[in-house]
Amino acid sequence: MKLLPCSAAKTSSPAIPNSVEDELEMATVRHRPEALELLEAQSKFTKKELQILYRGFKNECPSGVVNEETFKEIYSQFFPQGDSTTYAHFLFNAFDTDHNGAVSFEDFIKGLSILLRGTVQEKLNWAFNLYDINKDGYITKEEMLDIMKAIYDMMGKCTYPVLKEDAPRQHVETFFQKMDKNKDGVVTIDEFIESCQKDENIMRSMQLFENVI
């Protein structure tokens, strides 16, 4: 839960309610999640797991939402050897599915459900959305390069063996040669999924985003 900072400072609160249902009724909560039954239906978590996750989320984020700046601040603590600012920006946008500048508990649960318990297809769809920076339904070479550079920057210079500066570009060139089947300069969701599922090396490479989440 330390991954998810809240957009407002913690405030003192009355005695902790006995259940999440009680918490959902608290008028002081600025942003209240959907009914547990709906979240349970939309995710791969049980009601009990959702209760535990919600209590942890509310403990860290009394306001009920996470903004980008505090998300970056907390995320940087996990990668002190590098600069995680840019990757955290891309990751935040992938969680912020309605693009309102904040990650709610619902956003968090839906993304976490896919990353932890989603099918290969669901995880690849999520990864495609991460790489599709401008959300136009295509991944360009420039977008993939931006993501790769952000990942390399975040990992810092502590990797072994030390990565060369042109490593991200070489990585992207290899990806595109395999993924862009019709050589039109963009990768569609179908090309992306088909290429990933057929190539073990790409599948291992694509797991990198799971390792740094």
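Okay, let's start with a lysine. Lys72 sits in helix 4, which covers residues 68–76. Is Lys72 buried or exposed? Its relative accessibility is 17%, and the cut-off for buried is under 20%, so Lys72 counts as buried. What does Lys72 touch, once you drop the neighbours within four places in sequence? The answer is Thr85, Ala88 and His89.

I should say right away that this is a predicted model. Mean pLDDT for the protein is 79, with 75% of the residues at 70 or more. There are two stretches I'd treat separately. Over residues 7–17 the pLDDT stays under 50, and the model gives that stretch 16 contacts beyond four places in sequence. Residues 24–30 also stay under 50, and there the model has 13 contacts beyond four places.

Now the overall picture. We have twelve helices and four strands. The protein has 213 residues, and 44% of them are buried. If you take the contacts with a separation of 6 or more, 64% of them join residues 24 or more positions apart.

On to helix packing. Two packed helices get described by the angle between their axes and the distance between those axes. I've picked two pairs.

The first pair is helix 5, residues 85–95, and helix 8, residues 141–155. Their axes come within 7 Å and cross at roughly 130°. What do we call that arrangement of helix 5 and helix 8? Oblique is the word, because the angle falls outside the parallel, antiparallel and perpendicular ranges. The crossing of helix 5 and helix 8 is left-handed. Which residues make the contact? From helix 5 you have Thr86, Tyr87 and Phe90, and from helix 8 you have Asp146, Ile147, Ala150, Ile151 and Met154. By type, the contact of helix 5 with helix 8 has six nonpolar residues, one polar and one charged.

The second pair is helix 3, residues 47–60, with helix 6, residues 105–117. Here the axes are 12 Å apart and the packing angle is about 125°. That makes helix 3 oblique to helix 6 as well. As for the hand, helix 3 passes helix 6 in a right-handed crossing. On the helix 3 side, look for Glu49, Leu50, Leu53, Tyr54 and Phe57. They meet Phe105, Phe108, Ile109, Leu112 and Arg117 in helix 6. How does the contact of helix 3 with helix 6 divide by residue type? Eight are nonpolar, none are polar and two are charged.

Last topic, backbone oddities. Most residues other than glycine have a negative phi. Two lysines here go the other way. Lys135 has a positive phi of about 55°, and it isn't a glycine. You'll find Lys135 in the loop between helix 7 (120–131) and strand 3 (139–140). With a relative accessibility of 27%, Lys135 counts as partly exposed.

The other lysine is Lys183, again a residue that is not a glycine, with a positive phi of about 55°. Where is Lys183? In the loop between helix 9 (167–179) and strand 4 (186–187). At 55% relative accessibility, Lys183 counts as exposed.

So that's three lysines to click on: Lys72 is buried, Lys135 is partly exposed and Lys183 is exposed. That's what I've got, thanks.

Conventions:
Residues numbered from 1 in each chain as written. Predicted model: local features only at pLDDT ≥ 70, side-chain atom pairs only at ≥ 80, totals over all residues. Heavy atoms only, no water. pLDDT = per-residue confidence, 0-100. Contact = heavy atoms within 4.5 Å. Helix = DSSP H or I, 4+ residues; strand = E, 2+ residues; numbered from the N terminus. Buried < 20%, exposed > 50% of the residue type's maximum accessible area, 1.4 Å probe, protein only. Axes fitted to C-alpha atoms, helices over the stretch in contact; angles between N-to-C directions. Parallel < 35°, antiparallel > 145°, perpendicular 65-115°, else oblique. Left-handed = near helix turned anticlockwise from the far one by under 90°. Nonpolar A, V, L, I, M, F, W, Y, C, P; charged D, E, K, R; others polar.
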